[in-house]
Amino acid sequence: MSPDGGQADSQPERTNEDVRAEAGVLRIFPAEAGASRIVLVRHGEAECNLNHIIGGPKGCTGLTDLGRHQVAALADRLYESGELRKATALYSSVLPRATETAERLRPVVGPGPTALGPVRERRDLSELHPGDSDGLMWSEMVERFGVPDWDHDPTVPIAPGGESWSEFVERASGAVRAVLREHPGALVVAAVHAGVIEATMIAFLGVAPDVYRRGWVRIVHASMTEWEWVPSEDRFVLLRFNDSCGVPRRAEGGSGAVEERAGQGVGRAGKPGILDRLTQGLLGGRS
């Protein structure tokens with residue numbers, strides 16, 4: 001019975017699995033039938049981030065120890081909450097920091113550790129292509145090629161053979177859109193980069209080119225940003241942004257201090273994390 005005395009609309013009974021799958025997601029309106037969702041996970045802290053190296057295919061050498069801690073802490077959370085258990089595919093860019101992140105999250109994305117099969121790598125989900133600046137220190141890049149003034153002209157390439165900011169926004173947001181179209185009505189996950197997430201914010205929220213600026217949002221490592229695509233309206237709904245609850249971060253302005261110990265070898269509660277327990281055969285239940 002509804003509060004005004006009328007007959008309440010019948011609702012399908014929600015299972016515990018449904019509740020766990022939606023943990024951490026605040027949804028104001030119910031999803032439209034056929035809507036697709038994608039969770040974009042920024043990779044953990046990378047060696048190129050820490051050492052100020054331009055991390056293209058040559059410059060990227062994977063995650064730092066802290067980056068692995070961050071991804072392991074996120075894996076602990078995802079295992080406990082089950083919020084990505086209904087995912088049907090796991091993607092990553094081709095850069096090592098993203099592929100390493102995706103591989104480390106694979107056991108807790110989807111209904112079981114091996115249920116989704118291999119990570120699906122896509123070059124168009126990569127960070128801005130740096131061209132001849134790949135592998136240089138940022139200071140070397142500035143000395144050799146200067147700094148493109150993207151605030152005034154976003155069509156200038158970062159370096160010879162590299163992308164411009166406007167080319168990158170179109171390519172990266174288009175890649176996310178393409179992934180969603182390949183999985184109608186499903187939930188998918190992709191390990192990507194801060195620039196890719198920023199590109200979706202610009203493109204999907206309709207930010208005018210004369211308004212947006214490179215670096216206008218701060219996207220932290222091992223955070224999740226979630227979009228829902230409504231196909232009947234070709235419209236995107238931002239469900240969450242920069243969700244990094246439980247993930248340790250390097251102290252602001254510091255080079256080594258970590259605000260919270262967690263991750264590889266040590267879970268969020270100071271115990272072995274879910275990835276270690278799976279590796280060591282200490283956990284049963286999920287296949």
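# Exercises on a predicted model

Helix H4, residues 96-105, is mostly covered, with seven of its ten residues buried. The model used in these exercises is predicted.

**Exercise 1.** Which residues of H4 are buried, and what covers them?

*Solution.* Step 1: list the buried positions. They are Arg97, Ala98, Thr99, Glu100, Thr101, Ala102 and Leu105.

Step 2: find the surroundings. The cover includes strand E1 (36-42), strand E2 (89-92), strand E3 (120-121) and strand E4 (187-192), together with helix H2 (47-50) and helix H3 (65-81).

Step 3: turn to Glu103. Glu103 has a relative accessible area of 41% and is partly exposed. The salt-bridge partner of Glu103 is Arg106, with the closest N and O atoms 3.3 Å apart. Arg106 is partly exposed as well, at 24%.

**Exercise 2.** What span should the 17 residues of H3 have at 1.5 Å a residue? Is H3 largely enclosed or largely open?

*Solution.* Step 1: work out the expected span. It is 1.5 Å times one less than the number of residues, which for H3 gives 24 Å.

Step 2: compare with the model. The end C-alpha atoms of H3 are 25 Å apart, which agrees.

Step 3: check burial. Because 15 of the 17 residues are buried, H3 is largely enclosed by the rest of the structure.

Step 4: look just past the helix. Gly82 follows H3 and has a positive phi of about 70°.

**Exercise 3.** Which way do the residues of E5 point, and with which strands does E5 pair?

*Solution.* Step 1: sort the side chains. Met224, Glu226, Glu228 and Val230 point to one side, while Thr225, Trp227 and Trp229 point to the other. Every one of these residues is buried.

Step 2: take the pairing with E1. The two strands are antiparallel and share six bridges. Ser36 lies opposite Trp229 of E5.

Step 3: take the pairing with E6 (residues 235-243). This pairing is also antiparallel, over six bridges, and Glu226 has Arg240 as its bridge partner in E6.

Step 4: describe the connection. E5 and E6 make a hairpin with four residues between them, and Asp234 in the turn has a positive phi of about 45°.

**Exercise 4.** Which residues touch the most other members of the largest nonpolar core?

*Solution.* Step 1: identify them. The core has 35 residues, and Ile38 and Leu40 touch the most other members.

Step 2: see which elements contribute. E1, E2, helix H6 (165-182), E4, helix H7 (194-204) and E5 each supply at least two residues. H6 gives the most, with eight.

Step 3: follow Ile38. Beyond residues up to four places away in sequence, Ile38 touches Val176, Val179, Leu180, Val188, Ala190, Thr225, Glu226 and Trp227.

Step 4: put this in context. In soluble globular proteins, nonpolar side chains tend to be buried together.

**Exercise 5.** Which salt bridges do Glu226 and Glu83 form?

*Solution.* Step 1: start with Glu226. Its side chain meets that of Arg37 in a salt bridge of 2.7 Å, N to O. Glu226 is in E5 and Arg37 in E1, 189 residues apart.

Step 2: test burial with the cut-off of under 20%. Glu226 is buried at 0%, and Arg37 is buried at 17%.

Step 3: move to Glu83. Glu83 meets Arg240 at 2.9 Å, N to O. Glu83 lies in the loop between H3 and E2 and Arg240 in E6, so this pair ties together parts 157 residues apart in sequence.

Step 4: join the pairs. Salt bridges with shared partners connect Arg37, Arg77, Glu83, Glu226, Arg240 and Asp243 in one network.

How values were computed:
Residues numbered from 1 in each chain as written. Predicted model: local features only at pLDDT ≥ 70, side-chain atom pairs only at ≥ 80, totals over all residues. Heavy atoms only, no water. Buried < 20%, exposed > 50% of the residue type's maximum accessible area, 1.4 Å probe, protein only. Contact = heavy atoms within 4.5 Å. Core = buried A, V, L, I, M, F, W, Y, C linked by side-chain atoms within 4.5 Å. Pairing = 2+ DSSP bridges. Salt bridge = Lys/Arg side-chain N within 4 Å of Asp/Glu carboxyl O.
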